[in-house]
Amino acid sequence: MHEDLARAKDLMKEKGYTCVLTFGEITYTSDEEGLRPLLDWMYSGNKFAGYRMADKVIGRAAAFLNILLGVREVYADVMSEPAKAILEENNITVNYGTLVPEILNKTMDGPNPLETAVDGITDANDSIMAIELAIKRMNR
């Protein structure tokens with residue numbers, strides 16, 4: 001694990017952030033849940049190629065957003081097996097606390113709606129519209 005990722009992981013755990021991006025002395029943090037931090041960073045116009053990210057949960061949808069952000073290495077407390085495969089196929093180094101078959105919804109009685117939204121998608125660029133539509137449906 002690269003020192004930037006170790007620092008991101010430590011910050012996430014010590015300060016209670018949901019998501020941390022690091023590159024040398026540059027650090028971005030968020031305490032927002034779900035994919036909001038990733039989407040905000042993606043739409044910010046900043047470049048994140050080569051950054052390391054620590055996140056609470058990474059499923060397929062988050063994996064696609066990490067690819068689009070250009071991160072080099074990720075850590076997740078919980079990561080799905082499909083997310084791990086997607087990240088590795090895109091040459092992103094993967095670290096995790098717990099590997100699970102799938103990311104479940106908040107009530108733990110079915111798949112997470114954002115995971116369902118990207119089911120069958122194989123290209124990160126194609127995931128954005130599906131993710132945004134799923135978020136709109138969830139916020140109704």
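Me: How do the residues lining the largest pocket divide into nonpolar, polar and charged?
Reply: The lining of the largest pocket holds 18 nonpolar, six polar and eight charged residues. Keep in mind that this is a predicted model.

Me: How much space lies in the largest pocket, and which of its lining residues are closest to the centre?
Reply: The space in the largest pocket is about 780 Å³. There are 32 lining residues, and the closest to the centre are Glu33, Gly34, Leu35, Lys106 and Asn112.

Me: Which helices and strands supply at least two residues each to that lining?
Reply: Helix 2, strand 3, helix 3, helix 5 (113-117) and helix 6 (124-138) each do so.

Me: Strand 3 brings us to the sheet. What is the strand order, and is the sheet open or closed?
Reply: The sheet is open, with five strands in the order 2-1-3-4-5 and mixed pairing. Strand 2 (26-30) and strand 5 (93-100) each have a single partner strand, so each is an edge strand with one side lacking a neighbour in the sheet. From one strand to the next, the twist averages 10 degrees.

Me: Which pairs show the mixed pairing, and are they parallel or antiparallel?
Reply: Strand 1 (residues 19-23) and strand 2 run antiparallel and are joined by five bridges. Within this pair, Val20 is opposite Thr29 of strand 2. Strand 3 and strand 4, by contrast, run parallel, with six bridges between them. There, Ile58 has Met79 in strand 4 as its bridge partner.

Me: How should I read the side chains along a strand?
Reply: In a regular strand, side chains alternate between the two faces of the sheet. For strand 4, look at burial: seven of its eight residues are buried, so the strand is mostly covered.

Me: Where do helix 2 and helix 3 lie on the sheet?
Reply: Helix 2 (residues 36-43) lies across strand 1, strand 2 and strand 3 (52-58), at about 40 degrees to strand 1. Helix 3 (residues 60-69) packs on the sheet and touches strand 3 and strand 4 (73-80). The directions of helix 3 and strand 3 make an angle of about 165 degrees.

Me: Take Asn66, in helix 3. Why is Asn66 classed as buried or exposed?
Reply: A residue counts as buried when its relative accessible area is under 20%. Asn66 has a value of 0%, so this residue is buried.

Me: Which residues is Asn66 in contact with, leaving aside its neighbours within four places in sequence?
Reply: Asn66 is in contact with Leu38, Met53, Ile58, Val71, Val74, Leu87 and Ile92. One of these, Ile58, is the bridge partner of Met79.

Note on methods. Residues numbered from 1 in each chain as written. Predicted model: local features only at pLDDT ≥ 70, side-chain atom pairs only at ≥ 80, totals over all residues. Heavy atoms only, no water. Pairing = 2+ DSSP bridges. Helix = DSSP H or I, 4+ residues; strand = E, 2+ residues; numbered from the N terminus. Axes fitted to C-alpha atoms, helices over the stretch in contact; angles between N-to-C directions. Contact = heavy atoms within 4.5 Å. 1 Å grid on protein atoms, 1.4 Å probe; cavity = no way out; pocket = protein on both sides within 12 Å on 5 of 7 lines; lining within 4 Å. Points joined across faces, edges and corners; volume = space filled by probe spheres on them. Nonpolar A, V, L, I, M, F, W, Y, C, P; charged D, E, K, R; others polar. Buried < 20%, exposed > 50% of the residue type's maximum accessible area, 1.4 Å probe, protein only.
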